[in-house]
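Let us walk through one protein chain, step by step. Keep the structure in view as you read.

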Amino acid sequence: MKNRIRVERAERRMTQQQLAEAVGASRQTINAIEAGKFVPSTVLALKIARQFEKNVEAIFQLEEGE
């Protein structure tokens, strides 16, 4: 699964820690999601999308074959 979290954070000058605190996750979790090593729960994906005022599909995209 690809995501635009790093891009969205950069546009808002937001750190991983700030995003983590806003959505109730750890910085390590945000880092792992950005790196594509961890797929967030539906609830966490929705919280991240809400934080960026976008829908989930604007932040997360399935890759070919997923």
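**A turn after a helix**

Just after α3, glycine 36 has a positive phi of about 75°. Keep in mind that this model is predicted. Find that glycine, and then look on both sides of α3.

Go back into the helix itself. Which residues of α3 are buried? They are Ile30, Ala32, Ile33 and Glu34. Several parts of the chain cover them. Among these covering elements are β1 (2-3) and α1 (5-11). The cover also includes α2, α4 and β2 (60-61).

Now go forward, into the loop between α3 (27-34) and α4 (42-51). Valine 39 is found in that loop. Is valine 39 buried or exposed? Its relative accessible area is 52%, so valine 39 counts as exposed. The cut-off for that word is over 50%. Valine 39 also has partners at the surface. Together with Met1 and Leu62, Val39 makes a nonpolar surface patch of about 280 Å².

**Into the core**

A general tendency helps here. In soluble globular proteins, nonpolar side chains tend to be buried together. This model has such a group to look at. The largest nonpolar core has 14 residues. Which of them touch the most other members? They are Ile5, Leu19, Ile48, Phe52, Ile59 and Phe60. The elements giving two or more residues to this core are α2 (16-23), α3 and α4. Of these, α4 gives the most, with four residues.

Take phenylalanine 60 as a close-up. Set aside its neighbours within four places in sequence. What does phenylalanine 60 still contact? From the start of the numbering, Met1, Lys2, Asn3 and Ile5 are in contact with phenylalanine 60. Further along, its contacts are Ile33, Pro40, Ala45 and Ile48.

Not every residue of α4 is buried. Leucine 46 lies in this helix. Its relative accessibility is 45%, so leucine 46 counts as partly exposed. Try a distance from here. Leucine 46 and valine 7 are 39 residues apart in sequence. In space, their C-alpha atoms are 17 Å apart.

Compare that with another pair. Alanine 58 lies in helix α5 (residues 56-59). At 27% relative accessible area, alanine 58 is partly exposed. Along the chain, 53 residues separate alanine 58 from isoleucine 5. Yet their C-alpha atoms are separated by 9.9 Å.

**Charges that pair up**

Next, look for opposite charges. How many salt bridges are there? The count comes to six.

Start with glutamate 8. Its relative accessibility is 0%, so glutamate 8 counts as buried. Two arginines pair with this glutamate. Arginine 4 meets glutamate 8 in a salt bridge of 3.2 Å, N to O. Arginine 12 forms another with glutamate 8, and here the closest N and O atoms are 2.7 Å apart. Both arginines have some surface. Arginine 4 is partly exposed at 30% relative accessibility, and arginine 12 is partly exposed at 35%.

A further bridge joins arginine 9 and glutamate 34, with the closest N and O atoms 2.5 Å apart. This pair links distant parts of the chain: arginine 9 is in helix α1, glutamate 34 is in helix α3, and their positions lie 25 residues apart in sequence. Are these two partners buried or exposed? Arginine 9 has a relative accessible area of 11%, so it is buried. Glutamate 34 is buried as well, at 8%. Salt bridges with shared partners also join Arg4, Glu8, Glu11, Arg12 and Lys54 into one network.

One more residue belongs in this view. Glutamine 16 sits in helix α2. With a relative accessible area of 13%, glutamine 16 is buried. Leave out residues up to four places away in sequence. Glutamine 16 then touches Arg9 and Glu34, and its contacts also include Arg27, Ile30 and Asn31.

**What the record says**

Finally, turn to the annotation. An unreviewed UniProt entry places the feature "domain: HTH cro/C1-type" at residues 5-59. In this model, that span is 67% helix and 0% strand. The C-alpha atoms at its two ends lie 6 Å apart.

Methods
Residues numbered from 1 in each chain as written. Predicted model: local features only at pLDDT ≥ 70, side-chain atom pairs only at ≥ 80, totals over all residues. Heavy atoms only, no water. Patch = residues over 30% accessible without salt bridge, like charges linked within 9 Å, V, L, I, M, F, W, Y side chains within 5 Å. Areas by Shrake-Rupley, 256 points an atom, 1.4 Å probe, with all protein chains shown as cover. Salt bridge = Lys/Arg side-chain N within 4 Å of Asp/Glu carboxyl O. Buried < 20%, exposed > 50% of the residue type's maximum accessible area, 1.4 Å probe, protein only. UniProt positions renumbered as here; feature names shortened; annotations may be inferred. Core = buried A, V, L, I, M, F, W, Y, C linked by side-chain atoms within 4.5 Å. Contact = heavy atoms within 4.5 Å.
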